[in-house]
Amino acid sequence: MNSLSNYSLDKIATAAFVVVTYFIFNPLMILLITKYVLFVHDMKFLWIFAIYGYSFTIFLFTTVLVIIPIEWLRWVFLGVSGLTSWFFIIIEVYNLMRRHLQEGWGKFILVILYVFGSHLVFLLALKYYFLK
């Protein structure tokens, strides 16, 4: 069966909603965590939004590569893209915040875990909506 026959406008619309919601909600949550938990008050939403946008450029390549009809290879592409994006976000957010963190990595672990969890949910949503 042709894998293109599995696509529908409902799937594309739902996946687009997931992506847009992810790109608005996640930077906002990181901003709230950094301002009200880590007490870094000079963070800006636009900075975190730009970091997210830049970190997700790897998914442009992934969307081309997941056309390959081998299921385990699709998971590998999604996993590598997700980890690369996650590392980039963590490094860039840490670089923005490091001069403000007097307690070291202790509270920053919250940001790391939140971004990891949200990336995992995002990758599973992509897998469910696009690669079903």
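A salt bridge here is a side-chain nitrogen of Lys or Arg within 4 Å of a carboxyl oxygen of Asp or Glu. That is the yardstick for the first close-up; keep in mind throughout that this is a predicted model.

**View 1. Glu71 and Arg74 pair up in a salt bridge.** The side chains of these two residues come to 3.9 Å, N to O, which means the pair falls inside the 4 Å limit. The structure holds 1 salt bridge, and this is where to find it. Both partners sit in helix α4, 3 residues apart, or about one turn of the helix. Their surroundings are not alike: Glu71 has 37% relative accessibility, so it counts as partly exposed, while Arg74, with a relative accessible area of 10%, is buried.

**View 2. Ser85 is a buried serine in helix α4.** Stay on α4, which spans residues 71-97, and go along to Ser85. Its relative accessibility is 0%, so Ser85 counts as buried. What does the side chain of Ser85 meet in a polar contact? The partner is the side chain of Ser55, at 3.3 Å. Setting aside neighbours within four places in sequence, Ser85 is in contact with Ser55, Phe56, Ile58, Phe59 and His119.

**View 3. Helix α2 has a buried side.** Ser55, the polar partner of Ser85, brings us to α2, residues 45-55. Which residues of this helix are buried? They are Ile48, Ile51, Tyr52 and Ser55. These residues cover an arc of only 95° around the axis, so they lie on the same side of α2. Turn to the face pointing away from that buried side and you meet the exposed residues Leu46 and Tyr54.

**View 4. Stepping back, the protein has 5 helices and 0 strands.** Read from the N terminus, the elements go α-α-α-α-α. Of the 132 residues in the protein, 35% are buried; Ser85 and Arg74 are among the buried ones seen above. Take the contacts between residues at least 6 apart in sequence: 70% of them join residues at least 24 apart. As for the outside, the accessible surface comes to about 8200 Å², and carbon and sulfur atoms account for 76% of that area.

Terms used: Residues numbered from 1 in each chain as written. Predicted model: local features only at pLDDT ≥ 70, side-chain atom pairs only at ≥ 80, totals over all residues. Heavy atoms only, no water. Helix = DSSP H or I, 4+ residues; strand = E, 2+ residues; numbered from the N terminus. Buried < 20%, exposed > 50% of the residue type's maximum accessible area, 1.4 Å probe, protein only. Polar contact = N/O pair within 3.5 Å; in protein donor to acceptor, adjacent residues only side chain to side chain. Contact = heavy atoms within 4.5 Å. Areas by Shrake-Rupley, 256 points an atom, 1.4 Å probe, with all protein chains shown as cover. Arc of directions from axis to C-beta.
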